[in-house]
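Here's a quick briefing to read alongside the model. Have the sequence and the 3D view open as you go.

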Amino acid sequence: MRIKNNEVAVFAIGGLHEIGKNMYCVQYQDEIIIMDCGIKFPEDDLLGINYVISDYSYLVKNRKKIKALVVSHGHEDHIGGIPFLLEKIPEIPVYATPFALALIKGKLEEHGILRTTELHEEHENTVLKFKKLSVSFFRTTHSIPDTLGIAVHTPLGAVVFTGDFKFDLTPVMNQPAPDFQKMAQIGNEGVLALLSDSTNAEVSQFTKSERFVAHSLHDIITGIHGRIIFATFASNLYRVSTAIEAAIDTGRKVAIFGRSMENGVQNGIDLGYLNVPEGLIVDSNEINHTPADEAMILCTGSQGEPLAALSRIANGTHRQISLQPGDTVIFSSNPIPGNTLSVNHLINKLMEGGANVIHGRVNNVHTSGHGGQEELKMMVRLAKPKYMIPVHGEYRMQVVHTELAQAAGVPEDHTFVLENGEVVCFGPDGSRIAGHVPAGDVYVDTSGTADVGNVVVHDRQVLSEDGLVVVVATVDYKHKRVLAGPDVLSRGFVYMRESTELISQAQKHIYHIIKSEMDKTDNPKDAVVRKAIVENLSDFLYSKTKRRPMILPMIVEKK
């Protein structure tokens, strides 16, 4: 990839053709501005993987050009990757809104890098000035407090990133409405390219206001008899606030379960977003002795996460809380793509335990934080961009979004459906695709280890689907003899007691493979023998079972 000296380059390290991993970059000459740095939750086939982050190798290579990481808001898919990026490039200054900054600090503390990170608080009127680029912000609304759009000002015009947004004219928790005037002002000054949220590009109407859901939830909660278990994202202070206000109005005590929920509520209190009277929040011992009609549990786990509080309550493995017949569980969220099966399984488990479950848009207990088609077109009209790049969405969403932009006045040849790593350059004479930067997936497993690797994930998938076959043999390479074995052990492939004939055939097959490889040369190589066992035994077992288990040869060589 080569960027000309008079060009502005825009590319995504993550966030295109996917929901999550949002990370967008603007580069002009020797300056790079990074916008957001998120994670993506894994699909079910990524066994043992906690989440997916981006490949930061291009940024590591160009670390001296990076001027700032600016954050639009505090959701995991926009801030979850920050600790992993800073472990590689600790000198990057981070700018974030108050609530996002509180969440980021918690993550950095967990990784042991809080003290070494340069953190700054940003607001809608903040302006960051560098040698050639500058950054300003504009107020939007989303499903989390303190959400901003970002404008990176270049000599050719502004590159505007909307962040996640909807146009909520009646937001809750005293949050201000979107700043249409500033959006229009940036548009009038000249927007080179608009990077706009595509999540709800297929939804035809305006997205419902958070206040509508607040009223609906309040009415539902006040009409419930028995204990309430309220599950939502820890970062969704709007829903947390609604639950707390309903608890106050109905005389319920509130117990909080889940570390992220505890941190989220505490951050909300510290920043003045949550009004929590003294004595409202109690510990688990007190809630267990509180009458059911006077108890509410606020917890994590609305996405069916197996280790979250709600899943452990449903499975009977929570140390402090057990599910009781007559409990009402409210899911105030929609499943993230990839989590639908887990959420459905959790709902079934809760209902089997005797709980009433309220979930989904049909009950008006959730609304999206992303704008529908009319809002997306309005954003284009306000920004009046020369070029349009739909971001934050799967491929079909990006395609629909380009069609919306064209309907709102952007020429078809000025819209780009890019993929992660694809670089588009804007210059005085037009635009061009200038190549790619590395932007693959990096896997983080349950230990927190980054870059588990595709090979490891593939091995886990093979083990889960076809099992493992271990081959053990003792050989004397010098005299070309098999001294013991070969023995065959199966785990997750076949039940050995019922497959004696197959195991016997496999042993004979392996014996002939080892002897054949030793007879081919005067100096047999252990690695060559192992490889031959894996390849030949795999074909043999497939011919018998139509399955290819992982084969692990353990050859003991007599010296």
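Helix α4 tucks Pro-98, Phe-99, Ala-100, Leu-101, Ala-102, Leu-103, Ile-104, Lys-107 and Leu-108 away as buried residues (under 20% relative accessible area, 1.4 Å probe, protein chains only). This is a predicted model: local features need pLDDT of at least 70, side-chain atom pairs count only at pLDDT 80 or more, and totals for chains, interfaces and linings use all residues. Residues are numbered from 1 along each chain as its sequence is written, and side-chain values use heavy atoms, with hydrogens and water left out.

**Around α4**
- The cover over those buried residues includes α2 (76–79), α3 (82–88), β6 (94–96), β7 (119–121), α7 (237–250) and α8 (259–270); helices here are DSSP runs of H or I, at least four residues, and strands are E runs of at least two, numbered from the N terminus.
- Just after α4, Gly-112 takes a positive phi of about 75°.

**The sheet**
- Six strands line up as β8-β9-β10-β11-β12-β18 in an open sheet with mixed pairing (a pair needs at least two DSSP bridges).
- β8 (127–129) and β18 (387–391) are the edge strands, each pairing on one side only.
- β11 (residues 157–161) and β12 (residues 191–197) run parallel, joined by four bridges.
- Val-160 sits opposite Leu-194 in β12.

**Helices on the sheet**
- Helix α12 (residues 373–383) packs on the sheet, touching β9 (134–139) and β12; contact means heavy atoms within 4.5 Å.
- Helix α13 (residues 395–407) also packs on the sheet, touching β12 and β18.

Terms used:
Axes are lines fitted to C-alpha atoms, for helices over the stretch in contact, and angles run from 0 to 180 degrees between N-to-C directions. Buried means under 20% relative accessible area, exposed over 50%, partly exposed in between (1.4 Å probe, protein chains only).
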